[in-house]
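The following paragraphs lead the reader through one protein structure, from a pair of strands to the cores and the cysteines. Please keep the sequence and the coordinates at hand while reading.

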Amino acid sequence: FKKYKPSGIFNLAAETHVDRSIDSPKNFINSNILGVFNLLESFKKYVKINSKTKLIHISTDEVYGDVLKGRSKEIDAYNPSSPYAASKASSDHLVSSYVRTFKIPAIITNCSNNYGPRQHPEKLIPKLIYNILTNKKLPIYGKGKNSREWIYVKDHCEALIKIFEKGKTGSFYNIGSNKNLINLDISKKLLKIAKNKIKIGKNVKIEFVKDRPGHDIRYALNSSKLIKELKWKPKINFENGLKKTFEWYLNNLGYYKSLNKNDIFKRLGLKSNS
């Protein structure tokens, strides 16, 4: 802070993969709770030097827990299900408490599932794309009925910039596309895109695999506060965004080669209470 004197800080640093949090919860506590505490302590001191700075703390829709009907609003109670979601909920509460107690200029955002170029293949969409490109089965948890709201990464970034420029200190803002899809439908859409781009191998078939423990059925955000107050709206629809994403991985196969094979292939999050 002293060296660079930032006018704004975007805290996107987090352990994010739910399956990984089931196997190694401690890493999530260290990064997402203690890491945020350390950031807040440093920021609290820095604000005394630069009162015009601002902290944007990026969180997730998963803090609200299972939303079987309707869409979560910023005033809704948190009900996290996984160690990951619980660690993010904790970090949100920490930031909010520092706003109230120490008057730091901070805003908390809760975003839906991101997708787009350069995403790690531990996440659903790049994992499926990798398997399509390398003639492997497409693993889908349970029966593929889990529903998520998807937003293209560039739309999320533009929302964050707008919140930084126009958002109200101490506020929470949901960032979503209002577009929900079940995992099975995402697989089918990717296969349809792939068929127009490449010759698909014989092994590329949807395979239902053992579900993760405590897997939430549905997340969904109400983003009307952001849309009304700050005049933001997502620009890229899911079909176009998915096509752009597939094309990026197809044209950048070297990206996968730069990663540890275990991180791509190894199944995480199979631990249970037994």
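Within β7, I175 is the bridge partner of C111. The model in which this pairing appears is a predicted one. The bridge belongs to a parallel pairing, in which strand β3 (residues 106-111) and β7 are joined over four bridges. Strand β7 itself covers residues 172-175, and its side chains alternate: F172 and N174 point one way, Y173 and I175 point the other way, and all are buried.

The partner residue C111 raises a question about cysteine chemistry. How many disulfides does the structure hold? The number is zero. A disulfide is a covalent bond between the sulfur atoms of two cysteines, and the criterion applied here is a pair of cysteine sulfur atoms within 2.5 Å. For C111, the closest cysteine sulfur is that of C157, and the separation of 9.2 Å is too far for a bond. Seen from C157, the closest cysteine sulfur is likewise that of C111, at 9.2 Å. The surroundings of each cysteine can also be stated: C111 has a relative accessibility of 3% and therefore counts as buried, whereas C157 is partly exposed, with a relative accessible area of 41%.

A further set of strands forms an open sheet. Three strands take part, in the order β4-β6-β8, and their pairing is mixed. Strands β4 (113-115) and β8 (180-182) stand at the edges with a single partner strand each, so one side of each has no neighbour in the sheet. From one strand to the next, the twist averages 50°. In general, the strands of a sheet pair through backbone hydrogen bonds, either parallel or antiparallel. Here, β6 and β8 pair in the antiparallel sense, over three bridges. E149 stands opposite N180, a residue of β8.

Helix α5 (residues 153-166) lies across β4 and β6, and its direction makes an angle of about 70° with β6. E165 has its place in this helix. Is E165 buried or exposed? Its relative accessibility is 53%, so E165 counts as exposed. The C-alpha atoms of E165 and L230 are separated by 9.5 Å, although the two residues lie 65 residues apart along the chain.

Attention may now turn to the nonpolar interior. The largest nonpolar core has 26 residues, and those touching the most other members are I125, I132, I186, L190 and F238. Several elements each supply at least two residues of this core: α4 (124-133), β5 (138-141), β6 (147-152), α6 (183-195), α8 (238-251) and α9 (254-257). Which residues does I125 contact, leaving aside its neighbours within four places in sequence? They are Y115, W150, I186, L190, F238, L242 and T245. A second core of 20 residues is separate from the largest one, and its members include I9, Y98, I104 and I108.

The last residue to consider is N11, which is found in strand β1 (residues 9-11). With a relative accessibility of 8%, N11 counts as buried. Apart from residues up to four places away in sequence, N11 touches V36, L39, L55, I56, H57 and I58.

Notes
Residues are numbered from 1 along each chain as its sequence is written. This is a predicted model: local features need pLDDT of at least 70, side-chain atom pairs count only at pLDDT 80 or more; totals for chains, interfaces and linings use all residues. Side-chain values use heavy atoms; hydrogens and water are left out. A nonpolar core is a set of buried Ala, Val, Leu, Ile, Met, Phe, Trp, Tyr and Cys residues joined through side-chain atoms within 4.5 Å. Buried means under 20% relative accessible area, exposed over 50%, partly exposed in between (1.4 Å probe, protein chains only). Contact means heavy atoms within 4.5 Å. Two strands pair if DSSP finds at least two bridges between them. Axes are lines fitted to C-alpha atoms, for helices over the stretch in contact, and angles run from 0 to 180 degrees between N-to-C directions.
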